[in-house]
Structure formats: C-alpha cells, structure tokens
Amino acid sequence: MRDATTEPTRPRTVLLRGGEVHSPADPFATAMVVEGDRVAWVGSEGAADSFAEGVDEVVVLDGALVTPAFTDAHVHTTATGLALTGLDLAPARSLGEALDLVRAYAADHRDHRVLLGHGWDASAWPEGRHPSRAELDEATSGRPLYLSRVDVHSAVATTALLELVPQVRRLPGFEPDRPLTGDAHHAVREAAHAALTPLMRERAQRAALARAASLGIGTLHECAGPDISSEDDLAALLALAAGEEPAPRVLGYWAELVTGEKDVQRVRDLGAIGAAGDLFADGSLGSRTACLHAPYADAPAHAGSAHLDAAAIAEHVALCTEAGLQAGFHAIGDAALAAVVTGVRAAADRVGLDRVRAARHRVEHAEMADAATVDAFAELALTASVQPAFDARWGGGEGMYAQRLGAERARTLNPFAAMLRAGVPLALGSDAPVTPLDPWGTVRAAVFHHTPEHRISARAAFTAHTRGGWRAVGRDDAGVLVPGAPADYAVWRTEELVVQAPDERVERWSTDPRSGTPGLPDLTPGRELPLCVRTVVGGRTVHERPNG
C-alpha cells in the first residue's frame, strides 16, 4: 500500500461554462476547462456536461466573455504605482491647476523628504509653458520636488532638489529656464528617487500590479535600466511578482549596452530576459529630444539628440545575439530609427541574418517609421513594441505631434497597418505611466487611429496585445486559449460581440457564421469598454471583482 504522502498532488481543475470563449480552437466555444496552470479543453456547452462532475470548481459565466489575459509590452511599474498613489498632474487642464495640485500635495505630505510627481503636459495647457522653478519653489514652500513630464524624457525641479545634485549645472541637458533633459535629468531623477524607502517602493509596485490585474492584464514587460530606475528596483519588483501572493507576471528588461561577457552576465544575474527596453537611441517628441532627419516645426534650429550611433548599436546586437540574449532599443525619431536599422544590419552581416532574426530583437515605440524602416524591420524580424494610445492622445491635426512636426509629418506617425502588411511583429503596450494601463482602450486606439490608413482591425490589435506580447519574448505557445496553453485569461462583462475592421467588406463577411471569426466587444468611441470581473494567471486568480 502506498504512503499517502507520496501521492502526487492532482492539479486543480476548473470548468468555465455558459459564456463566450475567444479561441481559435473553436470560434463558437462557450466553455473551457483549466487543469492546473494550463488550458485543458475548449468547446461547446453540450460537451461541457461531460466535465462537470469531475472538476473541482464550476464557474457559470452568465454570458460573460473569456479572453486570453492581456500582455502590456512596455511598462514602468514603480513609476506607474507612484502616479497612482501620489502626485499625478495628468488631470491638470492648465498651468494654474497643476500648481494648485502641487500645493495641495505638498501640504498633505509634509513628512516626505522629496516630493515626487508626474504627468504634466504643457502642450495641452492654454498657457503653453511648463511651470517655472520660482513657481514650484513657491508652491512647495522651498522643498525638494521632482516633476517628470508626461513622456518622462524631461522634468522640472525645485531649487532645493537641484541643490542635492551640485554638479547638475555642468551636465548636458541643463538650461536655467528650461526643463531638464539628458544627463542633467537622469542625475536629478536619481537623487529624487533615492528618497524612496523600500516600503514606499513596494506600495507603489503593489498598486500598479493590482491595477493591471483589475484590467485583465496578466503579464507586464518591465522596462528597467540604470537611466530609468535601478537594479534594486527591478530585483524587488521581480521578487514581488514571483512571490506567494498571486499577481500578474512580470518579465524584466534591463536597458544597458552590452560591451562584453560581464555585461551579459549582469543582465542575467538581475533576472532580466534581455538587454533591451528603454535603451535610448534618442528621446521623445514632446520633449523635442527624439532624433529627426529634419528640424522640429516649432523649433527650427533643433532636430533632437542621438544617444547611440550605428556602431554602438551593431556591437550591442552582435554580442547579445552571440550570447543568446534579446537586444532592443528605444527609438522614436526617423533618424534614430535609421541608426537602429543600420546597426542591426551591420550586426547581421557579422553574426548572420538567420541568427539575428531568430533572436527576435525589438524596438520600442518606432513612431516615425517610414516605408524603408518598416521593410527593414520585416527583413530583420524586429518586433515593434508600440503604444497606440500615443496617437489617441497626441495625434490629429491639433495634437502635439502636429505642433512638433507639422501636420504632414505628423500624419505619417505610428503606421500600424503598414507594419502588419509588411509582416512586422507587433506587441502593444502603454508605456505606463506615460499613458495609463488600459488594454481595451489601447486596442480601440489602434482600430480608430487618427490617420485612417494606419488603422488595423480589432482582431489584429487584440492579437498584438495578447499573443504579440508573448511572441515578443520568444514564446509562441501563450496568449491564446487553446489546449496546452498557459491558463492566463480574463473574464469580461460586455455587450454584443462584433467584428471591426478598417474595410467594411471585411466586417460584413466576418460577421457571417461561415467565416468562423470570433467576435470582440464593440470598441466604437463613446461606447463603454468591457468590465473585467476576473483575471487568472497560471491558473491562479489575481483579481476578482466583488459581485462580478
């Protein structure tokens, strides 16, 4: 007789039934069985009866939609949590409102050694300018304050904070009457974030993970690095996400150039899956630091800043490829993207095109990708990690893109349809806290792009925000609800499912039952987005809405 203690633990089984299951395995599926951390079966309501007696739990969906959990392919988790729990200037509609928010926050947080805030965007304010140092000194009564712009590529700070960085006035990116950029910004941000205690950081990370889970996000790509956060921040986040308490999965990137084996080992020792993410080839359009071929329309003497040249990019990609490590870069401007393409091609000449393609290197943002860049991405199998909410926020004839670049250049930005036609792998994300965690809003932004020729179907956008995020990290078996796939899924309350595509002829055929195309929620602007009632990661519930 066997000792009971040696009996293997049977995986817990759950049957979900009576809803709509979004699965390519069965476009008419209404039920799903999960065994442990894997999807075991997907099918019809009639067949679900045969499983009902043998499972540990039956979840009656009452018509709810079940989809793969979203993957947000570009997040700064601690900064997102700080924006959620601290001073967030995104709601400010004017400079005056922003200063009022600063005053109130400073009065309510007299125990904070350094005040941290985020989200101001002077391009949307009637005054059209950033807060001055004198105004911030007055609003904080002379205390240290760091306020990052919405794109996090520039910041304003009080005199008291600058005094904590004595060398700042000698660093590139410091101008007395302008926001901090470049090295000056990084130095001041490091000094400000040094005031974060481990407890404050953990609270922020927990807040961000909880918000992600409540929105049906099962996996986050954390884009960390020495110019953005710290090794301690990344290590603490990865430990928290992998702990006993159920939470969304976090996959970390470390944005530091690889110049030798020691750098490769440091990335691996940190628990990162690649030397990628926000490894800056340039800056941002809003801060006028994205590197352009032609000057900015509203700053004719300025064309941005290049942080990496093609030779450094080639060396990084070649060494990462040889080490079996994913490489990647932050590149927004057309000149920065050209440098990345030139560098990756040079690496392919050195180590072989097939090896570079197999590594699935990635580029974050890629906003100003022209036709040649798109073709090069396809040739080199570079994943474009993109943020459709950028267009929703800054696109259009009167938006920030048009202010910085002029209407003609602005219309070329974020060409998602051209990327898909060329075969460029897409992974969607938010770059939170730059834009909020909002997966259905992200899909909507891709479907209803300001520029009609850049729009993609809801199905394509949804796939890029689920399976695309997994493919971006080299996994082809996840982000989809089929037998054997990881049990990462979300349950939604939503209205009737539809098929939305830029071409109405496609929509009409796709809604025909003969097409076998599974529907998705109607994302037409103005309609309510789906409400997440449960999020499951690896078979473990990480979010459940009360009375869902």
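Q: What makes the lining of the second largest cavity 5 nonpolar, 2 polar and 1 charged?

A: In this predicted model, the second largest cavity is lined by Ala-458, Arg-459, Val-498, Val-499, Gln-500, Thr-517, Pro-518 and Leu-520. Ala, Val, Leu and Pro count as nonpolar and Arg as charged, while Gln and Thr fall among the others, taken as polar. The lining therefore divides into 5 nonpolar, 2 polar and 1 charged. The space in this cavity is about 40 Å³.

Q: How do you know which class each residue around the largest cavity belongs to?

A: Happily, the names settle that too. Pro-68, Ala-69, Trp-470, Ala-478, Gly-479, Val-480, Leu-481, Pro-486 and Asp-488 form the lining. Gly counts as polar and Asp as charged, so the classes come to 7 nonpolar, 1 polar and 1 charged. The volume of the largest cavity is about 40 Å³, and the count of cavities of 30 Å³ or more is 2.

Q: Why are H10 and H11 called oblique to each other?

A: The axes of H10 (residues 310-323) and H11 (residues 334-351) cross at roughly 45° and come within 7 Å. Roughly parallel needs an angle under 35 degrees, and roughly perpendicular needs 65 to 115. The crossing fits neither range, so the two helices are oblique to each other.

Q: Which hand does the crossing of H10 and H11 have, and which residues make the contact?

A: H10 passes H11 in a right-handed crossing. Among the contact residues are Ala-310, Ile-313 and Val-317 of H10, and Ala-339, Val-340 and Arg-350 of H11. By class, the contact of H10 with H11 has 12 nonpolar, 3 polar and 3 charged residues.

Conventions:
Residues are numbered from 1 along each chain as its sequence is written. This is a predicted model: local features need pLDDT of at least 70, side-chain atom pairs count only at pLDDT 80 or more; totals for chains, interfaces and linings use all residues. Side-chain values use heavy atoms; hydrogens and water are left out. Axes are lines fitted to C-alpha atoms, for helices over the stretch in contact, and angles run from 0 to 180 degrees between N-to-C directions. Helices (H or I, at least four residues) and strands (E, at least two) are DSSP runs, numbered from the N terminus. Angles under 35 degrees count as roughly parallel, over 145 as roughly antiparallel, 65 to 115 as roughly perpendicular and the rest as oblique. A crossing is left-handed if the near helix is turned anticlockwise from the far one by less than a right angle, and right-handed if clockwise. Contact means heavy atoms within 4.5 Å. On a 1 Å grid over the protein atoms alone, a cavity is a set of points where a 1.4 Å probe fits but cannot get out, and a pocket is an open set with protein on both sides within 12 Å along at least five of seven lines; lining residues have an atom within 4 Å of a point. Grid points are joined across faces, edges and corners, and a volume is the space filled by probe spheres set on the points.
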